Each structure stands twice: as C-alpha cells, then as structure tokens.
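Work through the exercises below with the sequence and the structure at hand, and try each task before reading its solution.

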Amino acid sequence: MTLDTYVGRSTRSKEAPRHVTGRGHFVDDLVRPRMLHACILRSPYAHARILSVQGDTAAQLPGVKGIVTPADVQRLTRSFKPGRYAAGLRVSIPEYASAIDKVRYVGEPVAIVAADTRARAEDALELIEVDYEALPAVASTEAAASASAPLIYEELGSNVAWQGHVAYGDVDGAFRSADRIVRENLKIHRYSSTPLEPFACLAEHTPERLTIWCNSQSPDVIYDAITEALGIDTVRVIVPDVGGGFGQKIHLIRKYAVLTALMAVKTGRPVKWIEDRSEHMMAGGHSCEQEFDVEAAVKSDGEVLGLRILDTDDVGGSISTLTIHFTNKLNNLFNTYKVQHLRLEGRSVVSNKCPVVPNRGIGKPGMCFVWERIMDRIAQELALDPVEVRRRNLIGVDQFPYTTPNGNIHGSGDYQTLLSKALINVDYDEVRRRQAAGRKNGKLLGVGVVIGVEPGGRNAARDMAIFPESKQMPGAGGVEGAKVKLEKNGSVVFTLGSPSCGQSHETVASQIIADALGVRPERVAMSGTFDSALSPWGVSSSNSGNNFHLYDVGAVHGAANRLRDRICTLAAYILGAEKSALRIEDGVVYADGVSAGKASVTFAELGKVAYANQAQMPVGFEGGLEATYYHSHPHADPLMLPDMHGRVRAQYTFSSAAHAAVVEVDRETGRVRVLRYVIVSDNGTLINPSVVDGQIYGSAAHGISVALGEGFVYGEDGQLLTLTLLDYGKSTTLETPRIEIEHYPVPDPFTTLGQKAAGEGAAIPSPAAIASAVEDALSPLGVKVRHLPLSPERVWQLIRGAQSV
Amino acid sequence: MKHAVTLTVNGESCEGEVEPRTLLVHFLREQLGLTGTHVGCVVGECGACSVLVDGALVKSCLMLAVQTHERDVTTIEGLAKDGALHPVQEAFVNGFALQCGFCTPGFVMAAHALLARNPDPTEEEIRHDLSSNLCMCTGYVQIVEAVKHAAERRRQ
C-alpha cells in the first residue's frame, strides 16, 4: 500500500474516544421504562435429579413480579435444535433453556425470578424451594468412560457421547516406512477467555415484536434461539458495545436470552438480566480439557512421515457442543507442515462439569500443541536441533498456494523466514550461551521456538462435511453484508452486518471506505452497532471464526465501490464529463480535462441532488446515494463442499507466526518468569497495524497466561473451586511479559486487499511456546513437559519428581 | 431504612438516599447515571469500577455508598474538561490502549492516580501499580506504553 491510502496506516481509533470518557454503551447501561431485574437460580449440585421446584413462597415477596420454573420452561418453550456444534450426536436429546428433570453441572440454570430491583430478585431466589436427589458426580474423562460410571445422559447409554475419526493419506504405510515411532501423551486443561463483561440481556415484548439487547457475538444464534424456543418470529436482536467475547458469548448465552425473553413475555414488562462473575465462571462455558495420545512416524533425519492422534475431549454436562473442539482441529490439522499422512481419532466424553464453548482458537491451540510438542520430542529422540526438525518439515515458500491433505488451501506464506527472524530477534545463540553459563550456577533458563498457523474466515459447511449423516445443513461458504451511504450533507455513514467485541471494526471499515470513496476517515462514521432489523447480515455475520477480515472487509469494500460508481454516475451527469475522467479527492469529484462549465462537485452538493432534486438527476437514476453489498468469498471453491475423501476447506485464509519464548524457572518455588516473548507474524496486508498489534498482544497474553496457570479446577465431587478471577489465576501486568512483534506480511492472493486474519492468532501457538521453553529450562533435570498448565505447583512437582528419581 | 448522603461528584454537589447495603458503584451507576464506572467482578479483583475518593484510587464495588457522605468522588466522566480529553485519555486513544473498552475507565482512573503520585514512573513501576486492574483484550503492552506517553505529556 502506498502512503496516500488510509489502509496500511494506524489511523486514529474511532471507538476509543467514547470508551476513555466512560460513554461506551453496554447492555447494563441501558434502562427501559418499568424495567424489571432478573436473577437466576442455579444448581448447587454437579449431578442431581430435580424432584420438584416450588416458587410460591418466593412469589409472595414484595416486588417480585414473576417466577419461571422448569415446568414453565417445558410448558412455554420448545427445546433448541441441536445445531452444528452438536454434529455427530447419535440420539436426539432435547435441551431447553433451563434444566428440566436433571442438573448436570454446578451452576446449571434451574429457575428465574424477576423483581422491581435486583436486590429483591436476589432475595427471592433464596425462597425458591428445590427438592434435589443428589447423584454421584463424574468429574474426569477416565471416571466418565468407565463401565460402572453413572450415566449423565441415560439416552446415550454411555458417557462417551461421540467417537469418530478423520484420516488422510496412507497412514499405515507411513508408519511401516518409519525409522522410528515417537510417542507422547499430552494434556491441555480447562480455561476460558473470561471477558470482563459477563453475559447481559435486556428483553422487551411489545405487541409488534420481541426486542432483545444482548451482548452476543453471534446474533444469529440469539435470533434463531428465540424463534425456535418461543415461537416468535418477529424478533429484533440488538447488540450494543460488547465487553469482550473471545468465543464465550456465542453459544450458552442463548439459554439466558430465552429465559430473559420468556420472563419479558410473561410479565409484559422489560426485563434485564446481568450475569455476575461467579455465575460466568461456573456456567458461562469453558474451553475443553483435551488429552492426546500421539504417535509420529519419523525418518532418522527428522522428516515426519505421518501422525496418529487420539483426542479425548471432556465436553462437560451438555451435548450441545459435542464436537466443536474436534472439528476445529481440521482448521489447522497440518499446522505449517508438509506431512501427508494423518489420522485423528476423537472421543467426546460428557462429564458433570460446565459445558464447553468456543474460546479464542477453539481446539486449534490443542492441535498446535500436539504438533509443536511432538516436534520437540522428535528432536530429543533423534538428537537433532528442534528448530532444524521443524525446518525439515515446513511447507516450502515455493509451494504456495498449498493444499493440505484435508483440503485447506494456504494462499501464501514464508514459514522458513518467520523462524529465521524469530531466532534473530530473540538472539537465540546468545540465549543459548547465557543458558549454558547460568546452568553452572544452577540457573534454569530455557528457550522455546514454535510455529503455527491462524486460520481465518469460516466455511459454514465444514462440520456438515465431517458428519454427512447430519440432517441439518448449516450452510456453505459464507455470506456477510455491509451498507454505505452518502448523506445529504456529504458525510458518509456505514452499517456493518456483524457485531464487534473490541476489534476496532469501525476504525478499520472507515479506512477502507475512505480509500474507496476518496474522503478522509473523519468524514466516515458507523451508523450504530448491530441491529438485526437494520444490519445486512448473513451466516458469516458473527464475531467469531476470524470472520471479519474476510467477510466484513469484503462487504465494506464492495459496498463502498458500488457507492463510488453511483457517485460518479451522478457527478458525470452534473459535470458533463465521462465517468472514466473523474477522480475524487477529499470528498470532491473532479472532471479532469473538462474546459467549459463546472469542473468539480462536492459530496455535499451531490447529496443535495440525490435526496432532493430530481431535475438534476440523469434520466433513470435511482434517487439516494446508498449501496449494499453482500460478500461471499470469490475463491470459496474448490472444496467448499466435501469431496469423497472427506476433504473440505475448514477456513479460507491462513496467517502464520513464529513465537520464541525465553523463560527462567525458580527451582525453589516452581514459578516461571517469561523474560522475553518474541513474535514474527504474517497477517497479510495490514489494514491498521496498531489494531493488528493489539490483537496479537492480547491473544499471545492469553495463551501465555493459560500456559502459566490460569484455569478452572474442580473437586472430585464436581464442585468448581475457582469461582473468582483471583482463584482462576488470570495474569496481570506483572506476569504478562512485554511481548515483542515483528510483522512479516505476505499478502494473500485471494482476499480483497491481501489481508489475512488477526484475532485468535497468537493464542494458538503460545501455550506450546511456553511449554517448550519450560521443558528446555528443566532439561538438566531430565523433566518432560506433557501437561498444561505450568502453574508453580505443577512445575515444582515436576522438579521434585525429577530430583527424587 | 435508607440513609441520606451528600457528596461531591465530579465537582458537583449531589444528594441521594441509599440503603445501607448499596455499593458505591451501584449508587453511581443506577442513581446518578454515571455508567462509565463498570462492574466486572464486584469483589475487588478486576478494577473496572475504579474511581477516586478524596483523590485516592478506590474500587467502588468495595465501598458502600454511605461511606462517601461529605466526600469528594471523581469518576471517569469527570476527567475531560470542557470537551478536551485528559492527557491520560488522549494517550489511551492515540496508543490504541484499549479494545472492548469495558476495563478502560478503570485503567484510565488507575493511571491518572499513579501519575498524580509519581509523575515519572518506570515501566516496572507502571506494571506494578496497574496490576490492580485486569484487561482481557490487550495483553497490557499498549496500555503500559500509553501511560508512559501520558507521563511525558503531563511533564511537558
């Protein structure tokens, strides 16, 4: 991009001024006349039968206006359709907004109360009488899968709710040709991205429609849920500012949207429900605890011929997200490697823990962890350098566009250079020298270098392809819209089809529009946040799947160029010039080479004509200056739909990055300090470099915090022990390193501006980078790092275990 | 039983009636409409509700509204003067020191309180001080840089 474009520059943030002055607009900031406040009664048991729920006493409390019990939910609503996250579910199991006859995790919603104040609603909760019959809880996949385990879903006949596999190439052949088989058992724990704003809903039912303000990342989920559950099809979903999403606000939030909406219908008054922190920790959704048994077939020079993986996922107490952590591994199944033979077998095991939900990367951090841990293990077993083993297996720079054996097409990249630059930036040789010197004094310094891809832009057909028996077609490819309008005063207003959770969509879209129309970004503003009645939305209108860069950017670009064409049509007529002779600068259309008459016309003048003066319009010109464009990826094929070998595009763009971490481990306490964290990242064309930096910093910090110990801990009785952010162990400014970024963009040949994704990115390789560095630090003790998190306690145990041998 | 409170908020005198259990953050948000002060945890861990009481940084979920009787409270809405952003606010905007914006008012108040005490903090001091607040989006790098820039600008 040249310097005369706004794309490529860190133009001033459009969103920041309102947030730094406290004028953001979040759901909890909204007030409607006669609004009630709702609270939810939640299960104190991990596993229990509900014998009865009695709300009469609570209903007598002054100020209480409504109570909804499981019987009401069953009578007044319908169950959710299973949806694509439950792909592979073999028995139809109805799931309602609340528990009905059984609770399956601590915090599962049982009843909802609305009162004139939040305090009174909370008081009323204590008066609802629930008779539970406690059942033995199943709190680990091992216990859940045993033959004698209590069944969480009797309908399934087993707690192993799904089993299946994908396989590409000749895996058995690869293992027969191997010089060596390298084996490892790996585990990733339960965590979350803990958005700072918990779930929030405000529902209002009027004779015309049901309106819900909800901080959902995927408004289509809320829209469908209310239609399905309540049978209301005049639904309006409004998403104001959202205080962080990261995947948490896609799925389980629909339960609460339905309960709040039901309460609004029942009471005839607006109802607001705001989740509190502990509720979010216990029931807002977790990432999946995943265990991998990995076998790699390798040649003695480090070439990897094939991989076999058994992935056991603890999906918690719901079947509604049965396979998302499995299917998302298809997105980065081969990471950055040219390996041709791979078998991934999956088992989804239900347990009495919080259901699992999408979470920054969903499954992809696990897949990257498998690859990067096994690369280190291969290097150790073959006595090779770990970076060299990776280099031997990377997809070459001359192989792009590269199709992976499962059908993903990596448009562009240069993985060797990313690794080289990461080594230079972290000063690898110097770190090794310091490490050797430090070891003489007992210092435990370690360095880990890993590489990963960041897939972006979802193909809606992915899960359908893996489970062809699924009766519900979730869609294919993607569709997303945008509207751009020239106002009568010459300013520009646009509407996006999707919500934002803090990724600077308004800033970025303004830059694209400014370039396309020839105006300054200051003259461009967003009309408002997502509103299903006004936003042009489709299956890709979701703040998830790294969709924005592909679908929204394409839609905004398309709409702005369509509007430019209409502006030029009108201007050419007014100026008596050819359209091709026009240029636009700073909101003024100039007709080059026109000698007589007017040589230019401003956007404001065009606006006055387009909205008010038919006499100055060319014959047949449609009044107004507005354009809508729905974008689908023009290169969605081949493999948008699966072929007979099960190959399908999971996502459409592939950013990539090398991460290098330097850590020091305190031998006495097991505490890991991250001394340096270096990233070299290819996110394609950078539209706003500071925005991309922010996405990389944030996602890296999350992955590092996950590796260092943030996470959920359950007791054997299925009670969650980490109910607050402090117990949960979220990193602060003290534990988070000063992350360093170098951009090495290789534009994507297939996207609108050469852009690739940047949102989930650095959360994918960072857990592996920390694991690699910690293992390297502890290598004098012979310690192997197999399981996350590397909390001080875990690391201390690893050190103790090694010393006692 | 309710208690009458009289206090100064953002330079203006105001009165209210609060229950003994009413938290300062709820009083500010619900009775005074100052919704820039956010609730992220309500147990003093996240700092999104940070305000100044008599110039000292306070998590307003850990203080009862009755405790602010005859005291001086400054919220995020009180920093900008005559439409001009405070140097800390300007530095956060220029430095992309926020994403979703939910933690931002708390961080701005914390940074403002830090610079009032220590006009020239080192990175280590900034990181130590701001560990009172949590941000789930930014990884803190751009926040710390923004505080450095705000300090520079304040000194000029």
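**Exercise 1. Find which strand is joined to β2 (residues 48-54) of chain A by two bridges, and place β2(A) in its sheet.**

Step 1. In this predicted model, strand β2 of chain A is joined to β4(A) by two bridges, and the two strands run antiparallel.

Step 2. At the level of single residues, Ala48(A) has Val103(A) in β4(A) as its bridge partner.

Step 3. Widening the view, an open sheet of three strands appears in chain A, with the order β4-β2-β6 and antiparallel pairing. Its edge strands, each pairing on one side only, are β4 (102-103) and β6 (129-134) of chain A.

**Exercise 2. Describe the overall build of chain A, and explain how compact it is for its length.**

Step 1. Begin with the secondary structure: chain A contains 22 helices and 29 strands.

Step 2. The radius of gyration of chain A is 28 Å, close to the 28 Å that the globule rule gives for 805 residues, and chain A is therefore as compact as a globular protein of that length.

Step 3. Along the principal axes, the C-alpha atoms of chain A fill a box of roughly 95 × 70 × 50 Å.

Step 4. Of the 805 residues in chain A, 60% are buried. Among contacts in chain A with a separation of 6 or more, 80% are between residues 24 or more positions apart.

**Exercise 3. Divide chain A into its domains, and examine the contact between domain 1 and domain 3.**

Step 1. According to the domain assignment, chain A has domain 1 (31-135 + 197-243 + 249-283), domain 2 (289-461 + 638-804) and domain 3 (478-631).

Step 2. The centres of domain 1 and domain 3 of chain A, taken over C-alpha atoms, are separated by 41 Å, and their contact takes 13 residues from domain 1 and 12 residues from domain 3.

Step 3. On the side of domain 1 that touches domain 3, two or more residues each come from α7 (219-230) and β11 (235-239) of chain A, and β11(A) gives the most, with four residues.

Step 4. By class, that side of domain 1 has eight nonpolar, two polar and three charged residues.

**Exercise 4. Characterise the side of chain B that touches chain A.**

Step 1. Here 42 residues of chain B are in contact with 44 residues of chain A.

Step 2. At least two residues of this side of chain B are supplied by each of α2 (87-94), α3 (104-117), α4 (123-129) and α5 (141-155) of chain B.

Step 3. Sorted by class, the residues on this side of chain B are 25 nonpolar, 14 polar and three charged.

Notes
Residues are numbered from 1 along each chain as its sequence is written. Chains are lettered from A and ligands numbered from 1 in the order in which they are written. This is a predicted model: local features need pLDDT of at least 70, side-chain atom pairs count only at pLDDT 80 or more; totals for chains, interfaces and linings use all residues. Two residues are in contact if their C-beta atoms, placed from the backbone, lie within 7 Å. Ala, Val, Leu, Ile, Met, Phe, Trp, Tyr, Cys and Pro count as nonpolar, Asp, Glu, Lys and Arg as charged, and the others, Gly among them, as polar. Domain bounds come from an automatic or database domain assignment. Two strands pair if DSSP finds at least two bridges between them. The radius of gyration is taken over C-alpha atoms; the globule rule is 2.2 Å times the number of residues to the power 0.38. A residue is buried if 20 or more other C-beta atoms lie within 10 Å of its own, exposed if 12 or fewer, and partly exposed in between; C-beta atoms are placed from the backbone.
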